[in-house]
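Please read the following walk through a single chain and its ligand with the coordinates open. The text goes from the overall layout to the core, the ligand shell and a few individual elements.

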Amino acid sequence: MRRPRYALTEATGWQTDMDSLQAAVDSAREAGQTVRAMVVINPGNPTGQCVTRETLRRSVQFCADNNIILLADEVYQANIYQDETPFYSMLRTAHDLGPRVVDRLELISFHSASKGALGECGLRGGYLHMHGCTEVFKRELYKLFSVSLSPNVVGNIAVGLMCNPPKVPSLPSPYFLFFQLSYPPFLPPSLRPPPRAPLFSSPNPHIHM
Ligand SMILES: Cc1ncc(COP(=O)(O)O)c(C=O)c1O
């Protein structure tokens, strides 16, 4: 497998240089290579740095225009340590761009039970969401998953709870409360829990124990 090379721009906080990306794909195709997919890992591991909304929009537009499947690894979405560039999913970005883009896009988004702020590594469970993929493609993928070994039971339970959290009638949304307690950076400032004494004098205002 060969990968077209493109550049990131330091002056824009290491965002993707879209002209360089387009040139890389064009020259790969001119050389006879088949460019099928683009992977975007957002937020990044381990820093939790997020891609800007503008770069997200341009990435989605680029994949739709160039007939490239967009693979969005968003498993780090709960591990963000800054407010300047919030996390937006590729799917949301695509819908924000309207039907002329979202209807032409093939997007697969990934999430995992193992990357939460509470340190769930080891649960080994994840899922993907397909948008705009053909039925033939979905059937082939399902066949591929079916012939591999089953994931472990604990991982399955974790993904089940993550996607379909238990409902307690007296509480508005346990999932929301879980986020409020676990992932303050996700919430608007007015909804954040009051800061507590930081452990080990951490200078990071988002790390509360
Ligand atoms: C960006 C990113 N995607 C995917 C994975 C894999 O996640 P999992 O623990 O569910 O195998 C990792 C693991 O470190 C990661 O950092």
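What pattern does the chain follow when read along the sequence? The order is β-β-α-β-α-β-α-α-β-β-α-α-α, which comes to 7 helices and 6 strands. The model is predicted, and its confidence varies along the chain. The average pLDDT is 84, and 78% of the residues score at least 70. Strand 4 has the highest confidence, at 98, while helix 7 (residues 174–182) has the lowest, at a mean of 61. Over residues 199–209 the pLDDT stays under 50, and the model has 11 contacts beyond four places in sequence for this stretch.

Of the 209 residues in the chain, 18% count as buried. Among contacts between residues at least 6 apart in sequence, 61% join residues at least 24 apart.

The next topic is the interior. The largest nonpolar core has 15 residues, and those with the most contacts inside it include Val 60, Cys 63, Leu 70 and Leu 105. Two or more residues each come from helix 2 (53–66), strand 4 (69–73), helix 3 (90–96) and strand 5 (107–112). Helix 2 gives the most to this core, with 4 residues. Cys 63 can serve as a point of entry: leaving out residues up to four places away in sequence, Cys 63 touches Met 38, Ile 68, Leu 70 and Leu 105.

Which residues surround the ligand? They are Ile 41, Asn 45, Asp 73, Val 75, Tyr 76, Ser 112, Ser 114 and Gly 126. By class, this shell has 3 nonpolar, 4 polar and 1 charged residues.

Helix 1 (residues 18–30) contains Ser 20. Ser 20 has 15 C-beta neighbours inside 10 Å and therefore counts as partly exposed, since a buried residue needs 20 or more and an exposed one has 12 or fewer. Beyond its neighbours within four places in sequence, Ser 20 is in contact with Tyr 6 and Ala 7. Between Ser 20 and Leu 8 the C-alpha to C-alpha distance is 8.5 Å, at a sequence separation of 12 residues.

Helix 5 (residues 135–147) is the last element to consider here. From its first C-alpha to its last, this 13-residue helix reaches 19 Å, close to the 18 Å expected at 1.5 Å a residue. Is helix 5 largely buried or in the open? The number of buried residues among its 13 is 0, so helix 5 lies largely in the open.

Notes. Residues numbered from 1 in each chain as written. Predicted model: local features only at pLDDT ≥ 70, side-chain atom pairs only at ≥ 80, totals over all residues. Near = placed C-beta within 6 Å. Nonpolar A, V, L, I, M, F, W, Y, C, P; charged D, E, K, R; others polar. Contact = placed C-beta atoms within 7 Å. Core = buried A, V, L, I, M, F, W, Y, C linked by C-beta atoms within 7 Å. pLDDT = per-residue confidence, 0-100. Expected span 1.5 Å × (residues − 1).
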